[in-house]
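Hello, and thanks for passing this one along. Below are my notes, point by point, to read with the structure open beside you.

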Amino acid sequence: MVSSSERVDSQKAPEPVGLYPHARRVGNLLFLSGVGPRERGTKRIPGVTLDAEGNISSYDIEAQCHSVFRNVRYILEDAGSSWDKLVDVTVYLTNMKKDFPTYNRLWAEYFKDNPPCRTTLEINCLPTPIAIELKCIATIGDE
C-alpha cells in the first residue's frame, strides 16, 4: 500500500527555484526539498556579493548558514514540525576546505541539544549563486 503525501508550502521560506514544493508529508515524516539561504520575495542572498555578470565575487558562509537554518526552521514550523524533530540532514557545500570549519562550528551551536544524523558533501555548484544547501527529513506530530 502506498502512502499518500501532502504538499507543504511555506509563506516565510524563499520561493522554490523550480516546480517542487517546500516539503511533502508522508505519514509522520516530513521530507524537505533542498533549502538554500535566499530570502523570500527577492533574489537577495545574505552574505553574497555578485559581479555584473551575476557570478559570486565574494561570500560569507556564516551569514549563509544562519539564513539557511532560518529557512529550514520556517518550513518545519509551517508544516507543523520543529527544529528538534529533524532526524536526517544532507548538507551540500561548494567549498568544503574553506567553509567546513565555520559551518561545523555553527552546526554545533544550532544542534547542541538534539543533533540529527548528518551527511556533508562538496559539490561543484548549486542552481543559484549560493555556497550551502540543506536536504532534510523530520518527524511531525506526536510520535
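1. Let me begin with a single side chain. Arginine 44 has a relative accessibility of 45%, so arginine 44 counts as partly exposed. Its salt-bridge partner is glutamate 39, with 2.7 Å from N to O. Glutamate 39 is partly exposed as well, at 28% relative accessibility. Please keep in mind throughout that this is a predicted model.

2. Staying with charges, a search of the whole structure turns up 6 salt bridges. One of them joins the side chains of arginine 105 and glutamate 62 at 3.0 Å, N to O. This pair links distant parts of the chain, since arginine 105 sits in helix H2 and glutamate 62 in helix H1, 43 residues apart. Both ends are partly exposed: arginine 105 has a relative accessible area of 38%, and glutamate 62 has 29%.

3. Another salt bridge connects aspartate 99 with lysine 98, at 3.8 Å from N to O. Here the two ends sit in unlike surroundings: aspartate 99 is buried, with a relative accessible area of 0%, whereas lysine 98 is partly exposed at 48%. Elsewhere, salt bridges that share partners tie Glu62, Arg105 and Glu109 into one network.

4. Now to the fold. What is the order of the strands in the open sheet of 6 strands? Reading across, the order is E1-E2-E3-E8-E6-E7, and the pairing is mixed. Strand E1 (6–8) and strand E7 (117–122) are at the edges; each has a single partner strand, so one side of each has no neighbour in the sheet. On average, neighbouring strands are turned by 15 degrees against each other, ignoring direction.

5. The pairings are worth stepping through. E1 and E2 run antiparallel and are joined by 3 bridges, with glutamate 6 standing opposite arginine 25 in E2. E2 and E3 are antiparallel too, joined by 4 bridges; in E3, leucine 32 is the bridge partner of alanine 23. These two strands, E2 and E3, make a hairpin with 2 residues between them, and glycine 27 in the turn has a positive phi of about 60 degrees. Further across, strand E6 (residues 86–93) pairs with strand E8 (residues 132–139) in the antiparallel sense over 7 bridges. Tyrosine 92 has glutamate 133 in E8 as its bridge partner.

6. Helix H1 (residues 61–78) packs on the sheet, where helix H1 touches strand E2 (23–26), strand E3 (29–32), E6 and E8, and its direction makes about 30 degrees with that of E8. Helix H2 (residues 96–110) lies across E6, E7 and E8 and runs at about 160 degrees to E7. In H2, Asp99, Tyr103, Leu106 and Trp107 are buried. The cover over the buried residues of H2 includes strand E5 (56–59), H1, E6, E7 and E8.

7. Which residues touch the most other members of the largest nonpolar core? Among its 29 residues, they are Leu32, Val72, Leu86, Ile132 and Leu134. The elements giving two or more residues to this core are E3, H1, E6, H2 and E8, and H1 gives the most, with 7 residues. Leaving aside residues up to four places away in sequence, valine 72 touches Leu32, Val35, Trp83, Leu86, Leu134 and Cys136.

8. Alanine 138, in strand E8, deserves a look. Alanine 138 is buried, with a relative accessible area of 0%. Again leaving aside residues up to four places away in sequence, the contacts of alanine 138 are Asn28, Leu29, Leu30, Leu76, Ser81, Lys85, Leu86 and Val87. Alanine 138 lies 24 Å from isoleucine 123, C-alpha to C-alpha, with the two positions 15 residues apart in sequence numbering.

9. Last, the cysteines. How many disulfides does the count come to? The count is 0. Cysteine 65 is in no disulfide, and the nearest cysteine sulfur, in cysteine 136, is 13 Å away. Cysteine 65 is also buried, at 0% relative accessible area. For cysteine 125, the closest cysteine sulfur is that of cysteine 65, and the 18 Å between the two is too far for a bond.

Notes
Residues numbered from 1 in each chain as written. Predicted model: local features only at pLDDT ≥ 70, side-chain atom pairs only at ≥ 80, totals over all residues. Heavy atoms only, no water. Pairing = 2+ DSSP bridges. Axes fitted to C-alpha atoms, helices over the stretch in contact; angles between N-to-C directions. Contact = heavy atoms within 4.5 Å. Disulfide = S-S within 2.5 Å. Buried < 20%, exposed > 50% of the residue type's maximum accessible area, 1.4 Å probe, protein only. Core = buried A, V, L, I, M, F, W, Y, C linked by side-chain atoms within 4.5 Å. Salt bridge = Lys/Arg side-chain N within 4 Å of Asp/Glu carboxyl O.
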